[in-house]
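Welcome, and please open your viewer with a selection box at hand. We will walk through the chain stop by stop, with something to select at each one.

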Amino acid sequence: MANNEKVLKPVPEPTLAVFLVGDSIKFIPKPWPRNKLKEALIDTLNAFGDPWLVCECTLDDVRDKNNSEWLTVTRIAMEARKEYSKINNSYSGTKETEKDTDANSSLLQKAKYEDDTDTFCLIGINEDNKPEILSTKKKWPTQFANFEGKGKKYETLLYLEEKISKPLVTTLEIDAVEFKMKVPTIVIVVEGGLETIGHVAEAVQKHIPVLLVRGSGMAADLIGYCLESQRSQFDPKQHLKGVLETHAPLLFGICFAEEDLTKLEKDINIIIQYKSKVAEFNILTDSVTSLKDRVTESIIRVWSLSQLKGEKTADLQPYQPTLPNESANGKPPSATKSSHSINQRSRKVAPIYDTAMRPKTPTARVVSPSSQPSSETSTDTEGKGERKLSPVACCMLYQILQAKHVDLKTETKLGKSLLCYALKENLTDIVELLIDKGIKLEWSDGDMNDTNYNDGRSLYKQMEKERKKCEAKQTRTCIAEIVQLPREELKKKKDAWKIGCALISYSAVHKPKGADSKLMTPSDFLLWAVLTNKMDMAEIFWKRSHEPILTALIASAILRKMAGKAHGLAEPAMEKEMLLHSRVFRQRAIDVTQKMYELNEQEAVFVLEGENKVPVWGIRENALEFSQERKIYSFVAHHVPQRTFGRIFHGGDFFHHDDIAKPKPTKTCCCLKLLYHDKKKISLFLAIVKAPVMKFITHYFFFGLFLVCLSAFVMTNITKEKWPIDEKSVYEYCSYLFLFADIMEEYVPPTINTLMNLIYRKQWRNRALSHMNNFWNAMDFVSYLMLIIAICIRFLHETTEFGISRRFYAIGLFLMYMRFLHVLLIQRTIGPTIIMLKEGLKELMRFVVVMFILIVSVGVFYHANLYPNHYDMFSTLGIQHWSVWKILYLPYWSIYGEFKDEISGELPDSQACSTNQTEYMNNPDIVRCPEKDWTVSVLSVFFVLILNLLLVNLIIAMFSFRFEEIKENSDTFWRFHRSQVIMEFRKRIPVPLNLVCRPITSIYSCCVCRRDRKQKEKDTNVRAELDEKQQILAQRWMLSESDALQLFKNE
């Protein structure tokens, strides 16, 4: 080979062959959206991997080739290749430049230099009517290297269509098996003349599918009109002739000769006879993405009809390698395997996902697309993307796996490879089929450094590859960044659990045991599908997972957290998809719970209240507590959990295994009922004390007494006399006693529980933040802080009047009174009102921030012009005389329309002022006289206009919007807050009785811990038996139309 001779890269065998026909120098009745067709064409070619696009390459003026241009259809093909290259290839900073072509070069030669190696293969018909690859970098594969030319271009196209569509070619190598399939071939008609209609007539006779681009005019529309005429009630022949006479002159804009009309009618009759092979794509009404669906449906329809006649379209066959030296001995390489010839000695079967096309992804073993030795072709194809299954190939493979008796259980490696590939390519139908056939993956199967691994770890390894690809291409945020996938390899299955648990601040405290530690269960596949946000795939594995209710709740929480991270990374599309997926999982949990309730109420309640025996991704917690902690409002507000909360509130406890067999009580168990029936005093007392409703009443009874004592102390007895305790100071020390007991009950038991359970550090922090995010808990903390500061000042800072401590006491007392609103939250009539008040206060705080900035800016302007050269901003007479109060005072009252006299440069007659600096600085009863300034009056007008008319009305509108939003979901919010109160007082002891009762209950718990442990084990075993019923109901789950509409509406 000469040094200056360029090495051409053989193009791979096509995953789709599209023949774009219709070039014609004729009249076009009206313009049509050509850019939409280009976009749809690019989308289709991109979906099929390595397609071939064949165009006619017809010039508009064959006599003057130097000044001519391509006709419409060819120009669309040329522009589509350019746009495909621009869209799919990133800017690398360097670009190879070809030698400039001569100005007199033909358009065909210029088109060759426009090719990019990473675009699809564009083929044209040259001046000799021979097919030619329009590229200076590519050459024909061996199997299709000897194409001949015919007398006319359309004859050459028909010859190509037949030659390409007949042989079976290897689509995938699956271990020792090859998946062979015919090359999907289709003719797309755009515009077109009379010759195009003849082309279509001959193509359908050769069983080649045809797709009409309706709306492009001329031949495409005329064929469509004629096919529509066959559905009319008139005589088909007469009606067809009328259609031709009506539409043909308008569409073609030419005068027909008799022989033209006769031939046209003959060709149309042939097309009508084979109308099952003709499909339509309306360029005016159909979506861009629907073109690939039309192409797939057309090819499958024609292939299905061919199979009825005994013609083979796809097959699974044993692998038969072709040695590269066979062609040297005069034996041509095998037609069915020429594109995958490799050296037999060095051959190592790559898994199918290594042969799947992914643009610009380097492969571990590049499959040579020609019969050249692998050592040569590996260099030629370096950087070439992997091949992937086209939509047609996916459909055919699915049918073969169903129809043909392939023993995938015996061929375990083949089944694993198929399953692993289908998972990564999101082929849900094939995945479901393989799972039903019993194919399973292990978590670890071989060395991770080996590229030929088909195990669970490879799924997460693929996520890491996607992240590197996104970083290299500088595309949008990948899913691995959102889930914070660690850079190091995942060695154990628990490492994958930790990824999901870390998103919701949980720790995977339970490890997989036995066979589950090595085998990928449906639950493990579900976690991967959730982390990658594959909605259809997640549904398949959720229906086969254990604990469907709890699993759905955990998945919903993970997806909602992922949506929050996507929002932080400015990915709104991913955020919407994840939020919708989260709502779907939430609805699944609600629907399965409802179905269980309809079958057996007590079993449904027991499933929600009991802990699961088998952990879900390392989490072992009951559904009620998890949904409350993660604030899944809709699930907690559902009537089945609410019945449980109602029973607990009135004296019941969590169900145990022996409660399921008992008959359902006619009424809810309550402490009053126990009081009537129970004759043992100890049981009676414990039943009354344990009932959350009694705890709630007792607690707030003592809380009311505390408010009375604290109010009496703050108003009457803040003096130096602290000891001994008399009739006045008793209020003070009773208040201290209740405050101490309240703080102990609020924070000590949760802290001890956290330390005993060894909760994950991030989970502990999340629980602390979640606790403080609660409005009432935050108010508790601030009130405790104010009172503690007041007590410290009172006992450590001796003064005469105790003014500072009194102010802190008063602030703490005010917050304690606000806390008393919490007692009203439990009431159904008043509770929603309290919630609206709380949410309105949050909206007001946002408004206060904006208002404060405006007030300060205007106040400084007022002060600078009314009191010029006023240097004493912080008066030594006391904090109450600082100038900052006057800065805030003047503009604040302007909000309500009260303009103070200072703004006009005057003071009230009752207030003394002076311009003498010595007088107003040393005498607190004398203030400085303001000076008149016209700019102050002007600014006050604009200030009132902006703040009073704009911002105040804006906050009113915000209140109205928030009110309507809360009113619409007020029942859901109230039920959730009510359940929080119930679960809080289920474990809480009324203050200050906790100082005596808490040590007793702790000792009692230690004494009966063994009994409780046995009871818990029995409950867990019985609950595990109910898991099968959950799975049956989950498999029946389908999202109803009304629920689907509601979910999309909420999105």
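Start with the whole chain in cartoon view: it has 40 helices and 14 strands, where helices (H or I, at least four residues) and strands (E, at least two) are DSSP runs numbered from the N terminus. Before going further, note that this is a predicted model, in which local features need pLDDT of at least 70 and side-chain atom pairs count only at pLDDT 80 or more, while totals for chains, interfaces and linings use all residues. Residues are numbered from 1 along each chain as its sequence is written, and side-chain values use heavy atoms, with hydrogens and water left out.

**The whole chain**

Now switch on the surface. Its accessible area is about 52,600 Å², and 56% of that belongs to carbon and sulfur atoms; such areas come from the Shrake-Rupley method with a 1.4 Å probe, and for residues only the protein chains shown count as cover. Of the 1051 residues, 49% are buried. Here buried means under 20% relative accessible area, exposed means over 50%, and partly exposed lies in between (1.4 Å probe, protein chains only). As for contacts (heavy atoms within 4.5 Å), among those between residues at least 6 apart in sequence, 73% join residues at least 24 apart.

**Salt bridges**

Side chains of opposite charge can pair when their charged atoms come close. How many salt bridges does the structure hold? The count is 29, a salt bridge being a side-chain nitrogen of Lys or Arg within 4 Å of a carboxyl oxygen of Asp or Glu.

Select Glu79 and Lys38 to see one of them, with the closest N and O atoms 2.7 Å apart. Glu79 sits in helix 2 (residues 72-88) and Lys38 in helix 1 (residues 34-47), so this pair ties together parts 41 residues apart in sequence. Glu79 is partly exposed at 29% relative accessibility, whereas Lys38 is buried at 6%.

Next, select Glu228 and Arg214, whose closest N and O atoms are 3.3 Å apart in a salt bridge. This pair links distant parts of the chain, 14 residues apart: Glu228 belongs to helix 6 (residues 218-229) and Arg214 to strand 10 (residues 210-214). Color by accessibility and you will find Glu228 partly exposed at 34% and Arg214 buried at 8%.

Then move to Asp524 and Lys493, which meet in a salt bridge at 2.9 Å, N to O. Asp524 is in helix 17 (residues 522-531) and Lys493 in helix 16 (residues 493-503), so the pair ties together parts 31 residues apart in sequence. Are these partners buried or exposed? Asp524 is buried, with 3% relative accessibility, and Lys493 is buried at 3%.

For a network, select Asp742, Glu746, Asp780, Arg819, Glu984 and Arg988: salt bridges that share partners join them into one.

**Two leucines and a patch**

Select Leu1026 in helix 39 (residues 1009-1035). Leu1026 is buried, with a relative accessible area of 11%. Add Val607 to the selection: the two C-alpha atoms are separated by 7.4 Å, although the residues are 419 apart along the chain.

Finish with Leu949 in helix 36 (residues 934-968). Leu949 is exposed, at 52% relative accessible area. Extend the selection to Trp934, Val938, Val941, Phe942, Leu945, Ile946 and Leu950, which form a nonpolar surface patch with Leu949, about 850 Å² of accessible area together. Patches are made of residues with over 30% relative accessible area and no salt bridge, joining like charges within 9 Å and nonpolar side chains (Val, Leu, Ile, Met, Phe, Trp, Tyr) within 5 Å.
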